Structure formats: C-alpha cells, structure tokens
Amino acid sequence: MDYVNGPGRNHLFVPGPVNIPDQVIRAMSRNNEDYRSPAIPALTKTLLEDVKKIFKTTTGTPFLIPTTGTGAWESALTNTLSPGDRIVSFVIGQFSLLWVDQQQRLKFNVDVVESEWGRGADLDILESKLASDSAHTIKAICIVHNETATGVTNNLAKVRQLLDAYQHPALLLVDGVSSICALDFRMDEWGVDVAITGSQKALSLPTGIGFVVASPKAIEASKSAKSLRVFFDWSDYLKFYKMGTYWPYTPSIQLLYGLRAALDLIFEEGLENIIARHNRLGTATRLAVEAWGLKNCTQEEEWFSDTVTAVVVPPYIDGAEIVRRAWKRYNLSLGLGLNKVAGKVFRIGHLGNLNELQLLGALAGVEMILKDVGYPVKLGSGVAAASAYLQNNIPLIPSRI
Ligand SMILES: Cc1ncc(COP(=O)(O)O)c(C=O)c1O
C-alpha cells in the first residue's frame, strides 16, 4: 500500500529518486545472505568491473559505499585533500551550494566562483585563476556536472582542456549525481580524478549506494591526504579488495542484486542508446515548455540538461502550488524550486527508467495544472510539440529489432 494511495501509477517526474524497473524490484525481493560466503565477493567483482563501464574508465578504482550522494561527496573530498587545501568550486544552484558548504565545514580553503542560477560554471574565471597560479596552490577543482536545481549541464571537456593548457596538476573532482548513466560522461577521456553518483538517480535503484570512482592519481593523493576519515576511508576498501572479500562492513545484499539487474538492463539497452533516449526526453520537454510560452531556467542552449528541466513560471503563479496540485489532483510528482528559485520554477525530472510515452503523460498533466493555476495555456500545445518531435525521432527499441 502507498502511504497515501492514488489510483494507477504515480507519474514520478522528480529528478531523483527515479522510477525503478520492475525487473530490479523483483531482483531485490530476496532474503539476506552471508556476505562472507563466496557468492557475494564473486557478485561484487562483476559489479565493480561493470560500474567502471558506466563511468567510462578502465583505470579508475570504484568504491560502492553504503551512503547517498552527500556521503559520496565527502568520500571524494576527505580521501584526496587535507584541511586548508585551496580548492576552486562553483556555485550555480542548490546542490553545488550544498557541496561548497560541505567543503567549508571540512575546513578546506574554498575559492568560490558564483554564477547566476540558470547559468553554468564560469570557466573564464577558472581560466584566470589557473593562469595566475603558477605556484600550483589550487589542489582541486570541484564541479557539479549537472546542477539538478536549475537543469544546467557544465562542460567538463572544457575544464580538462583548461587544466591541460596551463599544465595544472589540480585534481578534478566531479559530482555526476544527476548525469552519470544518462548524459555523456567520460571519466578517462576528460581526466576526471574522482567521479561520484548515487544509486537513486540514473541507475534507477533505491537510494543507498554512493558510487565513488577514483583515478590512479586520486588513489595516489589518498596516501598523503590528511583529512580525517573513518567510514569513508578508501584504504579500508582497498585492503579488502586485495583479500578478495571486498567488504569492510556489511553491504545491502538486496541492493547488490538490484545493481546487478540494473546493470544488465543498462547493457541490454546500451549506454549510448540510454544517452540518446535522455536527449530525446530533454528535447521533447524543452519543446513543450516553448510551446506553453514559458521559459527554461537555463539561460543558454550550451547548458541545457537532458535529465532535468526547470521551468520558470510567471510572477503571479507560485511554482510550489503547481507541484502541490500535480500530486493532489493528477498523481504526478514534479520537483520543487529550491532556495533562490523556490516558487519561481518547478522542475520536470526526465531521467532514469522512463520512456517517451510516460513523458507525454506528464506533459499533459503539467498543461492541465497550468490551466488550473490560471496560466493561459492551450491544452495539448506542449504535448503536440513534443510528440511531433518524438514521432520523428524515436528509434525501434534496441532489444526488439
Ligand atoms: C547534483 C546532486 N548532487 C548531490 C546530491 C545529493 O545527493 P543525496 O541526496 O543522495 O545525498 C543531489 C541530490 O539530488 C544532486 O542532485
């Protein structure tokens, strides 16, 4: 039973936690097991190898930590840096803001670069900081690949280009929480030193696994990093990896089997096909927003996100009321505007286990809600724009060809 029941399926369009495939739910419906039996290490070995494929790395070391994205952030920072280290970090929305707050509370010397919410990380400022840092006082660049609060995707290839152009040795720490496994992400090619995500986002699992993947350079840095860490210490994992038993403490057996099923589904569809599907979902959503005569919070096309769209509402409408109505009247879950953009936007999450027809249902719901709250929308206009595009662009389902 739902805690508060509604008929039919809830249309879950928040940008995480996302819909879990039925196959994954079934795979998780099982008893506990002894994680010290030979079965769990054998299963874990396959998971670690396959997680690397999702991050597009052959040289990275993955850690599957019982935590959320926030814990994965902490793991990335405390294993590679020492208190007082200078790091350059960008604030472009609520999640990058929270990461900076964590960095400050962990006593790093955070050089914060702020942008207006709706814009990407200011890479011109990064360039000037790198250019004037011949002494290499900057130890790390911390950047959120996809800012979930505003629907802004940063250009990581450009960040790598700048670091290379100035031959700067700073570590590149990337929050890929709402990007990895949905957007184009290339750990090795972009020289990312630590990349993280959470199981409840594009991997379409329940919350509970923090994925942290460390480059050889990050592993090297962890040997001298002085930040206090216990639960998140990579060296505990590495010790157990060497022993072949993998787990320094008890993993969730159900989540491990769920992850196996999720990865199998991902490889069956194909990572590139998944990225293309997210591009279709993002494009269709943006076309609908345009047809409604509303603005995308993301100011320039170069930053458009294929996993979440923050829609700006006119000043006489409260974005939070749209979200309330969506749930109360239409069994549709949309994302609230957060902090600086609270009430000014609502968010449509389009990531994870989701197809185009589900999206059209959500867009139809949004149109009715917009009308409910007094916005003069033509019913069907967004759905028509989105479906005209989708009808021309949806390929055959890869596994059914
Ligand atoms: C980009 C980003 N980073 C970090 C987080 C924090 O993750 P969690 O809520 O799993 O701790 C979120 C959560 O939505 C996020 O969107």
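# A walk through a two-domain model

Hi everyone, let's start with one stretch of the chain: the C-alpha atoms at the two ends of residues 13–287 lie 17 Å apart, and the span is 43% helix and 17% strand. Helices here are DSSP runs of H or I with at least four residues, strands are runs of E with at least two, and both are numbered from the N terminus. That same span, 13–287, carries the UniProt annotation "domain: Aminotransferase class V", from an unreviewed entry. UniProt positions are given in the numbering used here, feature names are shortened, and such annotations may be inferred rather than shown by experiment.

Before going on, please keep in mind that this is a predicted model, where local features need pLDDT of at least 70, side-chain atom pairs count only at pLDDT 80 or more, and totals for chains, interfaces and linings use all residues. Residues are numbered from 1 along each chain as its sequence is written.

Now, the domains. The assignment gives domain 1, made of 11–18 + 270–400, and domain 2, made of 22–267; bounds like these come from an automatic or database domain assignment. Taken over C-alpha atoms, the centres of domain 1 and domain 2 are 27 Å apart. How many residues does the contact take from each domain? It takes 27 residues from domain 1 and 26 residues from domain 2, where contact means that C-beta atoms, placed from the backbone, lie within 7 Å. On the domain 1 side, H10 and E12 each supply at least two residues, and H10 gives the largest share, four residues. That side of domain 1 divides into 14 nonpolar, ten polar and three charged residues. In this count Ala, Val, Leu, Ile, Met, Phe, Trp, Tyr, Cys and Pro are nonpolar, Asp, Glu, Lys and Arg are charged, and the others, Gly among them, are polar.

Next, the sheets. Look for the open sheet of seven strands, with the order E2-E10-E9-E8-E5-E3-E4 and mixed pairing; two strands pair if DSSP finds at least two bridges between them. Its edges are strand E2 (61–66) and strand E4 (109–114), each pairing on one side only. On average, neighbouring strands of this sheet are turned by 20° against each other, direction ignored. Strand E3 (residues 86–91) pairs with E4 in the parallel sense over six bridges, and Val91 stands opposite Glu114 in E4. Helix H4 (residues 94–105) packs on this sheet, touching E3, E4, strand E5 (138–144) and strand E8 (171–175), and its direction makes about 155° with that of E3. For such angles, axes are lines fitted to C-alpha atoms, for helices over the stretch in contact, and values run from 0 to 180 degrees between N-to-C directions.

The other open sheet I'd like to show has five strands in the order E1-E13-E14-E12-E11, again with mixed pairing. Which strands sit at its edges? They are strand E1 (11–13) and strand E11 (295–296), each with a partner on one side only. E1 runs parallel to E13, joined by three bridges, and His11 has Leu332 of E13 as its bridge partner. E13 and E14, by contrast, run antiparallel with two bridges; there, Gly335 stands opposite Arg347 in E14. Strand E12 (residues 308–312) and strand E14 (residues 345–349) are also antiparallel, over five bridges, with Val312 partnered by Val345 in E14. Helix H11 (residues 319–330) packs on the sheet and touches strand E13 (332–336) and E14, its direction making about 165° with that of E13. Helix H10 (residues 271–291) lies across E11, E12 and E14, at about 10° to E12.

Now to the ligand. Around it we find Gly16, Thr68, Gly69, Thr70, Phe95, Val144, Thr148, Asp175, Val177, Ser178 and Gly198; a residue counts as near if its C-beta atom, placed from the backbone, lies within 6 Å. This shell divides into three nonpolar, seven polar and one charged.

Finally, two backbone details. The peptide bond from Gly16 to Pro17 is cis, with omega near 5°, and Pro17 lies in the loop between E1 and helix H1 (22–28). Gln167, in the loop between helix H6 (156–165) and E8, has a phi near 45°, a positive value in a residue other than glycine. Thanks for listening!

Methods: Contact = placed C-beta atoms within 7 Å.
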